Amino acid sequence: MHPRFQTAFAQLADNLQSALAPVLADVHFPAMLTAEQVSLLKRESGLDEDALAFALLPLAAACARTPLSNFNVGAISRGISGSWYFGGNMEFLGATMQQTVHAEQSAISHAWLRGEKGLAAITVNYTPCGHCRQFMNELNSGLDLRIHLPGRAPHALRDYLPDAFGPKDLEIKTLLMDDQDHGFALQGDALTQAAITAANRCHMPYSKSPSGVALECKDGRIFSGSYAENAAFNPTLPPLQGALNLLNLNGYDYPDIQRAVLAEKADAPLIQWDATSATLKALGCNNIERVLLG
């Protein structure tokens, strides 16, 4: 078990501990539960779906990286497939505050980058900030997404974001978590191809600036992040943050990164290179490459 989970795990009910122990045994537990695992945990714990999600929130919050605020937020996004995806907020020393990943963004992008097609609900241990409410409004689940908070009845996103502005106001038809393929040809080695593949599935209807990042760890594992734009612009999630989020959720640390590749267009209206390279260098990675999309 990864050390970050030990305190939260010890506070779980005994029957839930017994059911979870084999799942958490791998130090690189991927911070997600398949639909089958969720069903098993419900059966073994006697908890319904909502109660189980609340019980597991401390494990999601344990994934947070908060060297600035020391305020851990945990979120669990529940996919329409039945799988659940953990998320935690991330802060990066030496980078700008704008590079921060919110817990809801973490859990949602986690689901999206693993191929989930849509979300039914999200459970969070603190009320979502305005930034996150706007980020969620970009999803193909729209204002119907159910939000579950401790001590409150569940409500739809529309209740937390009245008079919402979103992609439909800009006549955007393809939404975040819809299938997308921008058709850029693969080239180069496995890491470069992973970055291009991430760029191919990115969500960039506003700037038309595709990008993707792939990170290679010292043990050969590759984690990729796709660019995710937002109608309000500021809640946009850069591709590096998507990749760093997956790396962290899988139990890896920044010193494990040995090489990074950014894929983007040279003539795009928005360029990721400066922010990507600056953040990676702040985290100790200097082996950074840029491949240009044709």
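Let's start at Cys 129, which sits in the loop between β4 (119-124) and α6 (130-136). Keep in mind as you look around that this is a predicted model. How open is Cys 129 to the outside? Its relative accessible area is 30%, so it counts as partly exposed, since that label covers values between 20% and 50%.

Now hop along to Cys 132, which is part of helix α6. Is Cys 132 buried or exposed? With a relative accessibility of 1%, Cys 132 is buried, because anything under 20% gets that label. Leaving aside residues up to four places away in sequence, Cys 132 touches His 102 and Glu 104.

These two cysteines also turn up together in a database record. An unreviewed UniProt entry puts the feature "binding site" at His 102, Cys 129 and Cys 132. The three are spread over 31 residues of sequence, yet they cluster in space, with 9.1 Å as the largest C-alpha distance. From this set, His 102 is part of the lining of the largest pocket.

So what does that pocket look like? The largest pocket has a volume of about 450 Å³. Which residues lie nearest its centre? They are Tyr 227, Phe 233, Asn 234, Thr 236 and Pro 238, out of 21 lining residues. Sorted by class, the lining has nine nonpolar residues, 11 polar ones and one charged one.

Where is the pocket in the chain's overall layout? The domain assignment splits the protein chain into domain 1 (27-170) and domain 2 (190-292). Both domains give residues to the lining of the largest pocket, so the pocket lies between them. The C-alpha centres of the two domains are 21 Å apart. As for how they meet, 34 residues of domain 1 are in contact with 32 residues of domain 2.

UniProt has its own take on the chain. Its unreviewed entry gives the annotation "domain: CMP/dCMP-type deaminase" to residues 48-168 and 186-294. Here are those two spans side by side:

| Span | Helix | Strand | Distance between end C-alpha atoms |
|---|---|---|---|
| Residues 48-168 | 29% helix | 18% strand | 35 Å |
| Residues 186-294 | 29% helix | 23% strand | 10 Å |

To pull it together, try finding His 102 in the structure: the UniProt record lists it in the "binding site", Cys 132 touches it, and it helps line the largest pocket. From there you can look across that pocket, with domain 1 and domain 2 both adding to its lining.

Technical notes. Residues are numbered from 1 along each chain as its sequence is written. This is a predicted model: local features need pLDDT of at least 70, side-chain atom pairs count only at pLDDT 80 or more; totals for chains, interfaces and linings use all residues. Side-chain values use heavy atoms; hydrogens and water are left out. UniProt positions are given in the numbering used here, feature names are shortened, and annotations may be inferred rather than shown by experiment. On a 1 Å grid over the protein atoms alone, a cavity is a set of points where a 1.4 Å probe fits but cannot get out, and a pocket is an open set with protein on both sides within 12 Å along at least five of seven lines; lining residues have an atom within 4 Å of a point. Helices (H or I, at least four residues) and strands (E, at least two) are DSSP runs, numbered from the N terminus. Buried means under 20% relative accessible area, exposed over 50%, partly exposed in between (1.4 Å probe, protein chains only). Contact means heavy atoms within 4.5 Å. Grid points are joined across faces, edges and corners, and a volume is the space filled by probe spheres set on the points. Ala, Val, Leu, Ile, Met, Phe, Trp, Tyr, Cys and Pro count as nonpolar, Asp, Glu, Lys and Arg as charged, and the others, Gly among them, as polar. Domain bounds come from an automatic or database domain assignment.
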